[in-house]
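Work through these exercises with the sequence and the model open. Try each task before you read its solution.

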Amino acid sequence: MARPRIVIVGAGFGGLSAAHSLAGADADVTVIDRRNYHLFQPLLYQVATAGLSPAQIASPIRAILRHAANVRVVLGKVTGVDKERRVVRLEEREIPYDQLVLATGSRHAYFGHDEWESVAPGLKKIDDATSIRRRILTAFEHAESTDSHEVRRRFLTFVVIGAGPTGVEMAGAIAELAHVALRHDFRTIDPREARVILVEAGSTVLAAFPPALSAAARSALERLHVEVRLGTPVTSCDESGVTIGEEHLPTATIIWAAGVAASAAGHWLGVERDRIGRVPVGPDLTVPGHPEVFIIGDTASAAGQDGKPLPGLAPVAKQQGAYVARVLRARLAAKPAPPPFRYRNYGTMATIGRRSAVADFGWLRLDGTLAWLMWGLVHISFLIGFRNRAVVMLEWIWSYMTFQSGARLITGSEQN
């Protein structure tokens, strides 16, 4: 008889965790992704701000899974799922499944203003990061070349929209780039005159953190000369700049970190979705009425112990991927299913800049240098492969000791 066919769509944290845990199982596992690499998204902002190169935070999927003989990798873009025939549709082929795991992540959400995307890019993939890096570095070059004070001021103004972890990390990294790494590189301008403005419609930065850590993060940002604007939403974005409330701010560089929406997986399945596109799943992470379909990560609306949907964090996706693999192994062996999924929260962290971070472990809350060191160790340990861990660690040590960033390359074209 043919072996059971398990298809995993998406090789992010959740999909890769499931694939790893199914290595050696008595089933044929297929991993489908539109890109040939797994990306460590928590450090993507460092690529965008010239701290790291893309290859230092990404690894080929085939290399990661090369020792899993029962797992094959397919490069392709999924366009739909036929639940009745049990096939995943790609652009030019179909792949049948007996069990399906959708781990397709999330995308940018502009709250009904999708036209803002062309001037306010978000940060989800390597292409986004290198495009933003080009915008930031080119802005300094344009400021150096112009004789107009107003034009120069516009190029030296950087606006980050959204004060969650990505926005806070981006704003702090841009400020450090201007005040530290670039301070001696130009002759006409002083990069330290750059304005970095962090805009948040809510009343606090890092709203998911305890108030004391949120306040510490804001103080750290302000020490880096980041202007924090709270309580006023952005009402317009265009080529000339942003409008915050009723104030128009001329800028050439806008970065979006304000919201995300789930992938199109719910649309493929034709099932119920919440307001940001997530699919409500059962305690075993399956779609109601379809026990053969699992959804994990940012596309799943899975309830935590408090009844609220779990956050779209890498640890959530990784634990869900490992759990789904346990469920599937139990099914393959005709054994009872494991207990319902329960997320174990080991803490959340965010870095603000040089020797500054916040960490909330529930029982322990830290900010400052110790939190920054712990943030670095945790993120290095999560990287895939000894080479990436070693290279990133050496890059960070070199940057810390020399006050330089090693990836200040303007690549690609303005149209990309």
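**Exercise 1.** Place Val 234 in its strand, then decide whether Val 234 is buried or exposed.

Solution. Start with the strand: Val 234 lies in E14, residues 234-238. Strands (E, at least two residues) and helices (H or I, at least four) are DSSP runs, numbered from the N terminus. Next, take the accessibility. Val 234 has 14% relative accessibility, so Val 234 counts as buried. Buried means under 20% relative accessible area, exposed over 50%, and partly exposed in between, with a 1.4 Å probe and protein chains only. Then list the contacts (heavy atoms within 4.5 Å). Beyond its neighbours within four places in sequence, Val 234 touches Trp 116, Ile 161, Val 199, Thr 243 and Ile 244. Finally, check a distance: 33 Å separates the C-alpha atoms of Val 234 and Val 281, which are 47 residues apart along the chain.

A note on the source: this is a predicted model, where local features need pLDDT of at least 70, side-chain atom pairs count only at pLDDT 80 or more, and totals for chains, interfaces and linings use all residues. Residues are numbered from 1 along each chain as its sequence is written, and side-chain values use heavy atoms, with hydrogens and water left out.

**Exercise 2.** Compare the span of H4 with the value expected at 1.5 Å a residue, then find how many residues of H4 are buried.

Solution. H4 covers residues 126-145, 20 residues in total. The expected span is 1.5 Å times one less than the number of residues. That gives 28 Å for H4, and its end C-alpha atoms are 28 Å apart, which agrees. Now count burial: 15 of the 20 residues of H4 are buried, so H4 is largely enclosed by the rest of the structure.

Repeat for H6, residues 165-181. Its 17 residues reach 22 Å from first C-alpha to last, close to the expected 24 Å. In H6, 13 of the 17 residues are buried, so this helix is also largely enclosed by the rest of the structure.

**Exercise 3.** Give the strand order of the open sheet of 3 strands, and say which strands stand at the edges.

Solution. The order is E23-E24-E25, with antiparallel pairing. Two strands pair if DSSP finds at least two bridges between them. E23 (348-353) and E25 (365-367) stand at the edges; each has a single partner strand, so one side of each lacks a neighbour in the sheet. E24 (residues 356-360) and E25 pair over 3 bridges. Asp 360 stands opposite Arg 365 in E25.
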